[in-house]
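Colleague: Before I take any of the wording about this assembly on trust, could you show me the model and set each term against its definition?

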There are 2 protein chains.
Amino acid sequence: MSQREFPSGIRSLDAVFRPRSIAVVGASDDPTRINGRPIAFARRFGYEGAIYPINPSRQTVQGLRAYPSLRDAPDGIDCAIIALPAALVIDALHQCAGKGIRAVVLFTSGFAELGEAGQRKQEEITRIARAHGIRLLGPNVIGCFCLSRKTYVTFLSDVDGALPAGKPRIGLVSQSGGYGAHIYKLALQRGLAVDQVVTTGNEADIELGEVMEWMAESPDVDIIVGYIEGIRSKASFIRGLEAAHRKRKPVVLMKVGATQAGAAAAASHTAALAGADAVYDALLREYGAYRARSNEEVLDVVYALSAGKPLRKRKLGVVTISGGAGVQIADFASEAGLDLPMPSEATQRALREIAPFGSPANPVDVTAQISNDPEIFTATLDRLLDAGYDSLLMWLGPAVTNARAGAPIRATIERIAATRPDVLQTINLIGGAEVTSVYEAAGCLLFEEPRRAVQALAALRYFERVFSRPLPVRPDVSQMTLLAPDTTYNEVDAKRVLAGAGVALLDERLVHTPAQAAEAAREIGRPVAVKVVSADIQHKSDVGGVALSLASPEEAAQAVRRMAGEIPRKAPTARIDGYLVSPMLNDGVECIVGVHADPLFGPVVMFGLGGVMVEVMQDVAFALAPLDEAGALELVRRVKGHRLLTGFRGRPPADLPALARAIASISRLAARNADRLQALEVNPLCVLPEGQGVVALDAVVQTGAPGLPIAHPPAKQD
Amino acid sequence: MSQREFPSGIRSLDAVFRPRSIAVVGASDDPTRINGRPIAFARRFGYEGAIYPINPSRQTVQGLRAYPSLRDAPDGIDCAIIALPAALVIDALHQCAGKGIRAVVLFTSGFAELGEAGQRKQEEITRIARAHGIRLLGPNVIGCFCLSRKTYVTFLSDVDGALPAGKPRIGLVSQSGGYGAHIYKLALQRGLAVDQVVTTGNEADIELGEVMEWMAESPDVDIIVGYIEGIRSKASFIRGLEAAHRKRKPVVLMKVGATQAGAAAAASHTAALAGADAVYDALLREYGAYRARSNEEVLDVVYALSAGKPLRKRKLGVVTISGGAGVQIADFASEAGLDLPMPSEATQRALREIAPFGSPANPVDVTAQISNDPEIFTATLDRLLDAGYDSLLMWLGPAVTNARAGAPIRATIERIAATRPDVLQTINLIGGAEVTSVYEAAGCLLFEEPRRAVQALAALRYFERVFSRPLPVRPDVSQMTLLAPDTTYNEVDAKRVLAGAGVALLDERLVHTPAQAAEAAREIGRPVAVKVVSADIQHKSDVGGVALSLASPEEAAQAVRRMAGEIPRKAPTARIDGYLVSPMLNDGVECIVGVHADPLFGPVVMFGLGGVMVEVMQDVAFALAPLDEAGALELVRRVKGHRLLTGFRGRPPADLPALARAIASISRLAARNADRLQALEVNPLCVLPEGQGVVALDAVVQTGAPGLPIAHPPAKQD
């Protein structure tokens, strides 16, 4: 079978996730052993394809005919499971290749996770797989399975066969087998419909992003849940996120290594690049994935999505039987940015009539009086529905089991569920399974902790926004200048590069002598700054290379004279390209626009307000390059200090459109040079009052050897 | 019975919480009704005191002899429960007074929570109670109960009679009945030993702080849990916190109304003052209470405390069977400020030998290999114990139910529990009650979600620190100057007040004419600023009343001339007291020290770095006045920008001791004037380089009519 006949692109993964036949290399007759389990599952759950146990020492394995080697098995096998010791893997892979097998799931561990020698072994198996067009899951995986397709290519000990009916189906992809198994088990406990689980382990070939893309295209998956330790390829990850957005499938991700301590632990555990966490944050926000911060949050959000209510803007009303609970929920909602619209005056009057001792604001407090008069609860809910509230968060605590109020509460909620299926009912209650099952059957979301209910509703709101806007379109960068490689630009040359990208500069002059400096100052006609120009001097002030507020031509000349004497002593190896005479600028707000080359994501733009705001307050925001002007403006708005730009304390508002244009230009320049740019920083970029533009006051540009664009890793053979 | 015989102070609450006899006014024969329940509970759980049902229309109530009125009942009754309609309450209270009853628990609602008219009714009952020395719990409460004393002065429907044995006992005090009931039920579900529950409702008399103090003194309570909507008296609240600290009883509080939205909901719900949330934060931190942010967090922390392990510094080691879980836990620990000390090189070598595929750092990853070889787990734990780790957080996920590893894991953990009772074992696992009960019996803390385990361990660390330091001692303020009441000070007078408190000023001169200004500038001998002096002008710049960097005496004179012409036009009603000529100061870091009069907590000191840091970044910290210098320094360290004071980017370190002295002086001045101070702000307070002190560049002082010190509310009659 030749390579050309293989399906290409994401369809090549069908052989792993929907194999029509599976060989188990080293199959065990013991259904509890790792290499016995896939066969046991296939038989127990009724896998409809063919299973070929490979075992040289047995005639049958678990009642199936066994083959002494792959060579002896029938042709046309889709997928082979390899669970052999690491030393035997390469030979087995060659046998798979010889047999024309399309996919291998490699349970075996002992590769890149063990360091350099393991990494080399892993690269070898990647080479073999790619040379023969084999898609490989692993090594170091517990495999994958799909309930609705009855496909169990896994040794996970407690997989299930039954899928809860009528719920959105979840596809779970995890780089860690342990985490995948854990979250799967927790999801089952929560009654979630996990149809498909894939662990990608060391990702010698198949990466998490590809699995996400495959799930986005799969009719079996409605919600994608992912666990990330480190992404290997930006391109396939973004393709996965884009596919999910295109198909309107929510993506809920847990990405560990958020702190330095975590990243250190991640590095010792996987072969993955950790990636700067803030960059992950920026990317996930941009592509509309939800980043959860704990397993519980993953499950809460997926649980809320599993209610299957359309993701659209809702009017949220909160009803409590305890004022204190209402205060808590208002706190949580405020923190989560979840709006609680006030009822109109008329509605408030009506609510006050219904519950005179309560509170008619939102949260609406019906008080524990409902134990005496459950009609208060019913009438309040109906009034809120009339007033257009189509999402109700009810704090009922133990009231649902109250002797008097329990039954009427239940009847009201069930009636709303039946007559107003568009309404999302979320309930905080305490009660055993006999209570919760009733409310869950009515399609309600149940939470014990109000904070978690609010967080889950905020996640639904997040997705509603995500799916109401298009994904970012990266602006074209082909017209931008390609920078010379391996160059550290001096300030003048760096600014020339910026000017070429459309960023304005001051009316500055490069001079070489004190006399020229005086002449330049005279031409400029107001106080000037003089700075040494040298690509070799990083911190000009440290060597006395900056003189500010020089009021006269004589002072400018004197500054150059001093620098010419002093700097060669302080920085004897620095080549001095001259001195820059610039008008002093006392206006505007100083900002920093920087670009660094993330090893995984390529050029990443950072924006911050100058000085203390960046260095002490770490008030900065990141985005992937390139950005268009809207994206640049959003970046600016994400720093807390952006108020300084919008007319703070009587200052004139700054020229935000010009700032956005400048950031976008810088980001495009960086993206064009993604294969060589090491650093680009405009600091300060001075933003003048509205209509007056921005000016780059200083700039650093540094390039390295051009390589393969880091943002576009070598294409897979698929 | 006369008032003098009553116990005073906190012992007066014994009549409520440990009554030797209870009258139920309006007692019902129906054990399910509100005024039937206390009698039913007393009988069911075996209350050892006397119960006197008061009911004019029955001979017996629930089998007990009933009395037609309180007058007819025996003398010497400790406590009366009143559950009558609001209109009958005052008469009943008078009857209690006539009978010499010491305590009343008032279930009835319809008082301050209903607004002004209700507030007046409530004040009336407070007056009656205080006049007759009756301690009153309520109105609007579900009452209180104590399991170990078999005392049930409550109508809460599902109280319990059994207390889990051998655990620290919890006293729960809540301003909200609904919340109290809710958290009580959740605590029971978690198996916590809640011995005493008190709800304080509208707090017409007994306040939450007093209950905390009573619980601190009670031998029945080891851990105090409180739910706060708004504190009424700072003094009793602080007495409660101090008593708990003195008795080394951890206090875990939930305070709602943290956000503006929440505070608005709180205001509509209770008659309480919300208090500025940041002030609560400051106060709780200072007095060592733990502020939880959700019910779940309350319970998690109390659950961790319930393990009953000594609160002392522990060496925390994390062991996982999945590297990903380790990364998560490292992230969570880093966020929570929980240190994970690295094992020594020798220990790491030993761990690597035990688990070659794992990671020997902390978190230690033993990998899923333990399913094949559980001895890896056992040996790893023993090695960590040898290395001094006496707190172990183990992420075991589903491994505890693993066919091979489950039993050895359990045996190891049980052995450690038996042989090393000093060690705190915390486990993340998934499993049913049959699994969890085994590990809980071994004294382990169990969590499903690692984030919550880490948070709970961080809370234990918090308490360990709390109990290892003394509570703050408020410095004496009696020597500080008493300010004139009802005065808005002009800048010169305000600065004089500061100078009197020991805060340094510039060498400034108050002048009245241009000629005097020129003379002053000449004397000063360097560039000066000129500012108008007027108590009537809040924002001097707005009326042209500030001129900076005046280089010559002539410019100073000219500035005064201009102001004298311009300001009377712009601020025609302002009385101008002259002009202040000050040397320009171009050195130092500008800060703000402000004091505002919190209606509940009295003078509260705010510290921030000047300008943008305060106004845009809201980077400020609060503390109650007065502070000593150590407290002032801690306040400074709590702002994120304090790095600017410690030698940021080559600047000289600022004079922190002088700053601390100045803040402490200002706080003492404010505390001395707590009954009249409305506002005090030094802005900027310029902090000079080390050894050079601080200088107040501008100041505002404003006083009102002297009243009762708001920080010391009228003493209770007790």
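Modeller: Between chain B and chain A there are 12 residue pairs in polar contact, both residues being at pLDDT 80 or more; a polar contact is a pair of N or O atoms within 3.5 Å, where within protein one must be able to donate a hydrogen and the other to accept it, and residues adjacent in sequence count only if both atoms are side-chain atoms. This is a predicted model, in which local features need pLDDT of at least 70, side-chain atom pairs count only at pLDDT 80 or more, and totals for chains, interfaces and linings use all residues. Residues are numbered from 1 along each chain as its sequence is written, chains are lettered from A and ligands numbered from 1 in the order in which they are written, and side-chain values use heavy atoms, with hydrogens and water left out.

Colleague: What makes B:R452 and A:E296 a salt bridge?

Modeller: The term asks for a side-chain nitrogen of Lys or Arg within 4 Å of a carboxyl oxygen of Asp or Glu, and the side chains of B:R452 and A:E296 meet at 2.4 Å, N to O, so the pair fits the definition. The rule finds 2 salt bridges across this interface.

Colleague: Why is the relation between chain B and chain A called a two-fold axis?

Modeller: Chain B superposes on chain A by a rotation of 180° with 0.0 Å of shift along its axis, at an RMSD of 0.2 Å, the fit being by least squares on the C-alpha atoms of residues with pLDDT of at least 70 in both. That is the relation of a two-fold axis.
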